[in-house]
Amino acid sequence: MIEDDEGHATLIERNIRRAGVNNPVMPFRDGSAALEYLFGPDGSGSVHAGTSLLILLDLNLPDMTGVDILAKIKANPHLKRAPVVVLTTTDDQREIQRCYDLGANVYITKPVDYEGFANAIRQLGLFFAVMQVPAAE
């Protein structure tokens, strides 16, 4: 989850847990830290090849835009198939279309409504409970 507002992050995670999902949620408060994690030490993104990721992305971050992050994720051969759910306060139709054009799977305007969020996740066919999480070594 890439979200700089602690209150929004808490609400999003609460909704995930209410839906019965117990998979780990890795919170990032800025785009740089999230991209560093996603692309890994070598910058290729191969660290996540073959793993299941679901990216929850805010568009308004302190160090870069979520649109820039979305473009980088979808341009990477190892990350481009990872579903991205945009969770943002921005309801501008041009911005929504831009995110879909870049490959966003779902666009949800905050504040996050539990039912709307749960339905969006179901639309992806990726209920977290069935996602594979790599075992810790």
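**Exercise 1.** Leaving aside neighbours within four places in sequence, find what Ile-2 is in contact with.

*Solution.* Contact here means heavy atoms within 4.5 Å. Start with Phe-28, Asp-30 and Ala-34, which are among the partners of Ile-2. Then add Ile-55, Leu-56, Leu-57 and Asp-58, and finish with Leu-61 and Ile-69. Keep in mind that this is a predicted model, where local features need pLDDT of at least 70, side-chain atom pairs count only at pLDDT 80 or more, and totals for chains, interfaces and linings use all residues. Residues are numbered from 1 along each chain as its sequence is written, and side-chain values use heavy atoms, with hydrogens and water left out.

**Exercise 2.** Work out which residues touch the most other members of the largest nonpolar core.

*Solution.* A nonpolar core is a set of buried (under 20% relative accessible area, 1.4 Å probe, protein chains only) Ala, Val, Leu, Ile, Met, Phe, Trp, Tyr and Cys residues joined through side-chain atoms within 4.5 Å. The largest one has 24 residues, and Ile-2, Ile-55, Leu-57, Ile-69 and Cys-99 touch the most other members. Next, look at the suppliers: α2 (31-39), β1 (55-57), α3 (66-75), β2 (84-88) and α4 each give at least two residues. Helices (H or I, at least four residues) and strands (E, at least two) are DSSP runs, numbered from the N terminus. Another core, of twelve residues, lies apart and includes Ile-12 and Val-106.

**Exercise 3.** Trace the sheet and say which strands sit at its edges.

*Solution.* The order is β1-β2-β3, open and parallel. Strands pair if DSSP finds at least two bridges between them. The edges are β1 and β3 (106-109), each pairing on one side only. Four bridges join β2 to β3, and Val-85 has Val-106 as its bridge partner in β3.

Conventions: Buried < 20%, exposed > 50% of the residue type's maximum accessible area, 1.4 Å probe, protein only.
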